Amino acid sequence: MMMKTGEAFELGGVRVPWVAGLGMTQSFRVIGGFSTRRLMSGRALKQSHWEKLEVVIAATGLSPAGLQGLDFSGPLVLKCGEPRAVRSQSTSIALPVGRRTGPGYEPVARAYFADRREAFAAVSVAAHVATITPVAGAIGYAVWYYPQLTVIASAPEETTDHQSGTVSWTLTAEEQ
């Protein structure tokens, strides 16, 4: 089971508490130097020079995110509060180097079955490879992990609703 500590996420060493991140959403989008080219036959060919992640975290909470004290002029470490997954039919899955470690943020494995059931599976991680204990009848596996990225970000946009006593905010960051 995915465990979490008392924080929604962490940016630049500042832990944003769950009370500021109620209803939090976190989205990832691949950005990069890529384009689609057409050959003389009309067949498409995708060319890629680089790719990075854009992360958008938005929430409405009972307090501001509290990130105004950070220096947004340089890179910051973003420790994401929501997991991503890598899926495979193999019990050996390569994980991204940029992921959170420590209590509450260990990778978790799940086994998938043809009848659409899923179950937790034992997993161990050495270096950046997750090894899953095979589960009888499983047709595939996934390892969930929490990303940790070095990012360039701007201070979050914030809106305070005096009537409801809530603060809404959005943080956009791009992997360096």
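Which residues of the largest nonpolar core touch the most other members? Select Phe9, Leu11, Leu67, Leu78 and Trp169, which hold that position among the 24 residues of the core. A nonpolar core is a set of buried Ala, Val, Leu, Ile, Met, Phe, Trp, Tyr and Cys residues joined through side-chain atoms within 4.5 Å. Buried means under 20% relative accessible area, exposed over 50%, and partly exposed in between (1.4 Å probe, protein chains only).

The model on display is predicted: local features need pLDDT of at least 70, side-chain atom pairs count only at pLDDT 80 or more, and totals for chains, interfaces and linings use all residues. Residues are numbered from 1 along each chain as its sequence is written, and side-chain values use heavy atoms, with hydrogens and water left out.

**The cores and their strands**

Remain with the 24-residue core and colour strand S1 (7-11), strand S4 (44-61), strand S5 (76-79), strand S13 (148-153) and strand S15 (166-175), each of which supplies at least two of its residues. Strands here are DSSP runs (E, at least two residues), numbered from the N terminus. Apart from this core lies another, of 11 residues, including Ala111, Phe113, Ala130 and Tyr145.

Next, select S13. Its covered face carries Leu149, Val151 and Ala153, while Gln148, Thr150 and Ile152 form the uncovered one. In a regular strand the side chains alternate between the two faces of the sheet. S13 pairs with S5 in the antiparallel sense over 4 bridges; two strands pair if DSSP finds at least two bridges between them. Within this pairing, Gln148 of S13 is the bridge partner of Lys79. S13 also pairs with S15, again antiparallel, over 3 bridges, and Ala153 stands opposite Ala173 in S15.

**A charged network**

Keep Lys79 selected and add Glu10: their side chains meet in a salt bridge (3.8 Å, N to O). A salt bridge is a side-chain nitrogen of Lys or Arg within 4 Å of a carboxyl oxygen of Asp or Glu. This pair links distant parts of the chain, with Lys79 in strand S5 and Glu10 in strand S1, 69 residues apart. Adding Arg15 shows a salt bridge between its side chain and that of Glu10 (3.3 Å, N to O). Glu10 is buried at 9% relative accessible area, Lys79 is partly exposed at 24%, and Arg15 is exposed at 59%.

Elsewhere, select Glu118 and Arg110, whose closest N and O atoms are 2.5 Å apart in a salt bridge. Arg110 is buried, at 11% relative accessible area, whereas Glu118 is partly exposed, at 39%. Salt bridges that share partners join Glu10, Arg15 and Lys79 into one network. The whole structure holds 5 salt bridges.

**The four-stranded sheet**

Which strands stand at the edges of the open sheet? The sheet has 4 strands in the order S6-S12-S8-S9, with antiparallel pairing. Strand S6 (84-88) and strand S9 (118-121) are the edge strands; each has a single partner strand, so one side of each is left without a neighbour in the sheet. To inspect one pairing, select S6 and strand S12 (residues 138-145), which share 5 bridges in the antiparallel sense. Here Arg87 has Ala142 of S12 as its bridge partner.

**A last stop**

Finally, select Val97, in the loop between strand S7 (92-94) and strand S8 (108-113). Val97 is exposed, with a relative accessible area of 61%. From Val97 to Trp169 the C-alpha to C-alpha distance is 29 Å, across 72 residues of sequence.
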